[in-house]
Amino acid sequence: TLKGTANFLNYLKFKKKLLKHSYNEHITIDFTHAKLIDHTFMENVHHLQNDFKNSGGKINLQGFDDHHFLSDHHLSLRKHKR
């Protein structure tokens, strides 16, 4: 579960925590409580999803229902509607 801001500044800390898991595991990342998610963070998560998929694992993303996407691009900046 992510809280606060998910951006390029805290991505490496997030990645380090995520990579404590094996690439063949199934993991869910919940963005429900993230206030802001930048495109760099999402792009890097997308790359991790591919790495996990190629190793037999999976990363599921959830919790975007209350976020406003700032463009139609699937990696666009997302801001919580609150």
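# A tour of the strands, helices and one surface patch

Start by selecting Gly4, which stands opposite Ala34 in strand β3. This is a predicted model: local features need pLDDT of at least 70, side-chain atom pairs count only at pLDDT 80 or more, and totals for chains, interfaces and linings use all residues. Residues are numbered from 1 along each chain as its sequence is written, and side-chain values use heavy atoms, with hydrogens and water left out.

Next, select strand β1 (residues 3-6) together with β3 (residues 33-37); they pair in the parallel sense over four bridges. Helices (H or I, at least four residues) and strands (E, at least two) are DSSP runs, numbered from the N terminus. Two strands pair if DSSP finds at least two bridges between them.

Keep β3 and add strand β6 (residues 78-80). This pair is antiparallel, with two bridges. Here Leu36 stands opposite Lys79 in β6.

Now go to helix α2 (residues 39-54), where Phe52 has its place. Is Phe52 buried or exposed? Phe52 is buried, because its relative accessible area is 0%; buried means under 20%, exposed over 50% and partly exposed in between (1.4 Å probe, protein chains only). Select Ile27 as well: Phe52 and Ile27 are 25 residues apart along the chain, and their C-alpha atoms are separated by 9.3 Å.

Val45 also lies in helix α2. Val45 counts as buried, at 1% relative accessibility. From Val45 to Phe14 is 31 residues in sequence and 9.8 Å in space, C-alpha to C-alpha.

Move to Asn24, in the loop between α1 and β2 (26-30). Asn24 is partly exposed, with a relative accessible area of 46%. Asp51 is 27 residues from Asn24 in sequence, and 9.3 Å from it in space, C-alpha to C-alpha.

Finish with Lys17 in helix α1 (residues 11-18). Lys17 is exposed, because its relative accessible area is 60%. Add Lys13, Lys16 and Lys20 to the selection: with Lys17 they form a positive surface patch. Lys and Arg count as positive and Asp and Glu as negative, while His and the chain ends are not counted. Patch residues have over 30% relative accessible area and no salt bridge, and like charges are joined within 9 Å (nonpolar side chains, Val, Leu, Ile, Met, Phe, Trp and Tyr, within 5 Å). A salt bridge is a side-chain nitrogen of Lys or Arg within 4 Å of a carboxyl oxygen of Asp or Glu.

Key: Accessible areas come from the Shrake-Rupley method with a 1.4 Å probe; for residues, only the protein chains shown count as cover. The place of a charge is taken as NZ of Lys, CZ of Arg, CG of Asp or CD of Glu.
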